[in-house]
Amino acid sequence: MSEFRQKCIGKANLVGSFAAIPHPVAVEVMALSGLDFLCIDWEHAQISRDMIETMVRAADVHRVPVMVRVPGHAPEAIQAALDSGAQGVLVPRVSTAAQAEAAVKASRYPPLGERGVGPGRAAGYGYRIPEYLAGANDRTVVAVQVETAEGLANIDAIAAVDGVDVIFVGPGDLSVSIDAIGPQGADKLNVAIRTIIAATIAHGKTSGIFCASPQTIGRWAGIGASFFVLASDTMFLGAGAAANAAAARDELA
C-alpha cells in the first residue's frame, strides 16, 4: 500500500478500474479481482461524501490501494478524499498549468502545498497525526486528467508542473472537446492522445489513460503509458450480465 506512489512514479505497469457502485461489497468484489488499484469515481457516480470513506475502508480490508476521482478542482473535495484514507486523487478537466498547480497545493502539506491538517481517518482520527504528516507528501499520488482542447494545447506547461505525478488522458471527453467523436474522428483523437503521452514522458511524468477494454492497453503501453484505468465496476457488471444472458438464450435455441 505504502509503495503505491513509488510504483506510479517509477512507471511500473499498473492496471486499475473505476469504482462507481456506491457500496462496500462492490469495492470488495473488485479488490479481490487482481487489479493493482481502484479509483472511486466521485466525479460521475452518485456517491455521497460519507460513502467515499466507507468505500476506501472496504478496499483497505484487502490491501488494495484506492484513489478518488474528485468531482472538480475544489480543495475541500481533494482534502475530503485524502482524509478518508485514499492513496491519491485524480483531478478531472485540468486544462492549464495553474489548475495543475492548484491540485498539487490542495494535495500536499506545507511546505509543498496548502493541505489542511485534520483528525480524519487517514491520520487515525487524530491519534497518528505526527506520523501521518511525516510521510503523507511522499505517499500521496497526484494525478491530473487532461481531457479538453485547452488542456491539449497547454500540455507542455501542465506536464512541467512540479508535484504532478501522473497525467491521465480521458479519451471520451477529449474526443468531444476536439471534435473527434466516433470512427471518423479516430485518427485525430489518436494524434491528440499521442501528443499528451509524449509530452508527459518528455517531462519525466507518468502517463496514464482510460481504456474501455483490455485490447487497447498494449497499444498505449507501447508508446510509454504505464498507468491504466480499465473500464469500471458498472461496465464489467453490464458486460458480464449481457454476455451470460446471451449465452443462456443460445443454450435454449
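This is a short tour of a predicted model, taking in a buried arginine, two cysteines, two pockets, a helix and some backbone oddities.

**Arginine 5**

Let's start close to the N terminus. Arginine 5 sits in helix 1, which covers residues 4–9. Is this residue buried or exposed? Arginine 5 has a relative accessible area of 13%, and it counts as buried because that is under the 20% cut-off.

What does the side chain of arginine 5 pair up with? One partner is the side chain of aspartate 165, through a polar contact of 2.9 Å. Another is a backbone atom: the oxygen of threonine 140 is 3.3 Å from a polar atom of the arginine 5 side chain. Beyond its neighbours within four places in sequence, arginine 5 also touches a run of other residues, including Arg108, Asn137, Asp138, Arg139 and Val141.

**The cysteines**

If you're wondering about disulfides, the model has zero. Cysteine 8 isn't in one, and the nearest cysteine sulfur, from cysteine 39, is 11 Å away. Likewise, cysteine 39 is in no disulfide, with the sulfur of cysteine 8 as its nearest, at 11 Å. A disulfide needs the two sulfurs within 2.5 Å, so that 11 Å separation rules one out here. As for accessibility, cysteine 8 is buried at 1%, and cysteine 39 is buried at 1% too.

**Two pockets**

Here are the two pockets at a glance.

| Pocket | Volume | Lining residues | Nonpolar / polar / charged |
|---|---|---|---|
| Largest | about 490 Å³ | 25 residues | twelve / eight / five |
| Second largest | about 340 Å³ | 14 residues | four / four / six |

In the largest pocket, the lining residues closest to the centre are Gly170, Pro171, Gly172, Phe210 and Ala212. Four elements are listed as giving two or more residues to that lining: helix 9 (171–177), helix 10 (186–202), strand 7 (206–211) and helix 11 (217–221). Helix 10 gives the largest share, with four residues.

Which residues lie closest to the centre of the second largest pocket? They are Gly85, Gln87, Ala122, Tyr132 and Arg139. Helix 6 (residues 129–139) supplies the largest share of this lining, three residues. Arg139 has come up before, as one of the contacts of arginine 5.

**Helix 5**

Helix 5 runs over residues 97–107, and its buried residues are Ala97, Ala100, Ala103, Val104, Ala106 and Ser107. An α-helix has 3.6 residues a turn, so residues three or four places apart point the same way. That is worth keeping in mind when you look at Ala97, Ala100, Ala103 and Val104, which are among the buried ones. What do the buried residues of helix 5 pack against? Their partners are helix 4 (75–83), strand 4 (88–91), strand 5 (141–146) and helix 8 (155–159).

**Backbone oddities**

Most residues other than glycine have a negative phi, and most peptide bonds are trans. A few spots here go the other way. The bond from proline 110 to proline 111 is cis, with omega near 10°, and proline 111 belongs to the loop between helix 5 and helix 6.

Tyrosine 125 is in the loop between helix 5 and helix 6 as well. Its phi is positive, near 55°, and at 46% relative accessibility tyrosine 125 is partly exposed.

Arginine 63 has a positive phi too, near 60°. It is in the loop between helix 3 (49–61) and strand 3 (66–69). With a relative accessible area of 58%, arginine 63 is exposed, whereas arginine 5 is buried.

Definitions and conventions
Residues numbered from 1 in each chain as written. Predicted model: local features only at pLDDT ≥ 70, side-chain atom pairs only at ≥ 80, totals over all residues. Heavy atoms only, no water. Buried < 20%, exposed > 50% of the residue type's maximum accessible area, 1.4 Å probe, protein only. Polar contact = N/O pair within 3.5 Å; in protein donor to acceptor, adjacent residues only side chain to side chain. Contact = heavy atoms within 4.5 Å. 1 Å grid on protein atoms, 1.4 Å probe; cavity = no way out; pocket = protein on both sides within 12 Å on 5 of 7 lines; lining within 4 Å. Points joined across faces, edges and corners; volume = space filled by probe spheres on them. Nonpolar A, V, L, I, M, F, W, Y, C, P; charged D, E, K, R; others polar.
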